[in-house]
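Hi,

Here is the structure I promised to pass on. Have a look at it first, and my notes on what turned up are underneath.

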Amino acid sequence: MFAGFTANQAVLEAMDGSMSVHVIDFDIGIGGHWASFMKELADKAAESRRAAPPALRISALVPEEYAAESRLIRENLTAFARDLNIRFEVEFVPVRTFQYLSFKAVKFADGEKVAVLLSPAIFRHVGTEFLNDLRRISPHVVVHVDVGGQMGFGTAPSYRQAVIDGLEFYSTLLESLEAANFNNGGGGGGGGGEWMRRIETFVLYPKIVEGVEAAGRRGTPWREALVAAGLRQVALSQFTEFQAECLLRRVQVRGFHVYKRQAEMLLCWHERPLVATSAWRY
């Protein structure tokens, strides 16, 4: 929730009131975070009293085996956009196709403002070389959301250290999830326990396996690659920080807090970071 919220805010603020938005999402997941983005876009359109409905296009990079998930995402987001009177389109680009064609695999239209959402997963799949093509598409903002800890492509000096960092991150993540589950009434072994098992099996386990497989690969760390591509990090707004803190107060679980590290915004469990969001521009 924190990752989706901070990324959405960074994109909305960079759009500067534009009602025609194109987002290239390199880690769409199940697409739930775009529902809240649509609501914000619809509210802004209502405030501006513009006659034409806002338009949102999403180009999502997905693995080849993502057909069932892609259909579900398209159906859910299309129905939500219809209810909000938003012109909506989503296109799914196979990662393998992007690997060969880079941004030529993505369709662009005149008059739309472009935003790019990155996560460490895409660098594990295709490396960082595609970042050199970013300038050609003139994105108004590039948002990087790190929800995978430090275990992965080019982020540790050795395979051993990468695995250790990853284990520390996922043990912290599990500890925070268990605390949140207990606080919400899941400590009695009922439905909350089943919820935790599903999270562990279908969300965390695949990410851990993927991280271990990627830990031995060497490459340019993502931050260095963004700088080398000509991007500079920009601060997230005080409003985003305030809203993120309000979000955590609604959760009502002791131990979570928002922390700013230079221009980066982090969600921490006690003193250990879980999610880090940063915005970049040319």
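**What I found**

Just after helix α3 comes Asn85, and its phi is positive, near 60°. Bear in mind throughout that this is a predicted model.

Let me stay with α3 for a moment. The helix takes in residues 67-83, 17 residues in total. From first C-alpha to last, α3 reaches 25 Å, close to the 24 Å expected at 1.5 Å a residue.

Which residues of α3 are buried? They are Ser70, Ile73, Leu77 and Ala81. These four sit on the same side of α3, because the arc they cover around the axis is only 65°. You'll know the general rule behind that kind of spacing: an α-helix has 3.6 residues a turn, so residues three or four places apart point the same way.

And what do the buried residues of α3 pack against? Their partners are α2 (33-48), β2 (55-62) and β3 (87-94). If you turn to the face of α3 that looks away from the buried side, you'll find Arg71, Glu75, Arg82 and Asp83, which are exposed.

Next, the strands. β1 (residues 20-25) is mostly covered, with five of its six residues buried. β1 is joined to β2 by six bridges, and the two run parallel. β1 also runs parallel to β4 (residues 113-118), with five bridges joining them. Ile24 is a handy residue to click on here: its bridge partner in β2 is Ser59, while in β4 its bridge partner is Val116. Together with α2, strands β1 and β2 make a β-α-β unit, and that unit is right-handed.

Last, the cysteines, since you may be wondering about disulfides. How many are there? The count comes to zero, taking a disulfide as a pair of cysteine sulfur atoms within 2.5 Å. Cys246 is in no disulfide, and the nearest cysteine sulfur, that of Cys268, is 18 Å away. Looking from the other end, Cys268 is in no disulfide either, with the sulfur of Cys246 as its nearest cysteine sulfur.

Are these two cysteines buried or exposed? Cys246 is partly exposed, at a relative accessible area of 22%. Cys268 is buried, and its relative accessible area is 4%.

That's everything from my side. Shout if anything looks odd when you open it up.

Cheers

Methods
Residues are numbered from 1 along each chain as its sequence is written. This is a predicted model: local features need pLDDT of at least 70, side-chain atom pairs count only at pLDDT 80 or more; totals for chains, interfaces and linings use all residues. Side-chain values use heavy atoms; hydrogens and water are left out. The expected span of a helix is 1.5 Å times one less than its number of residues. Buried means under 20% relative accessible area, exposed over 50%, partly exposed in between (1.4 Å probe, protein chains only). The arc is that of the directions from the helix axis to the C-beta atoms. Contact means heavy atoms within 4.5 Å. Two strands pair if DSSP finds at least two bridges between them. A crossover is right-handed if, with the strands pointing away from the viewer, the path from the first strand over the helix to the second runs clockwise.
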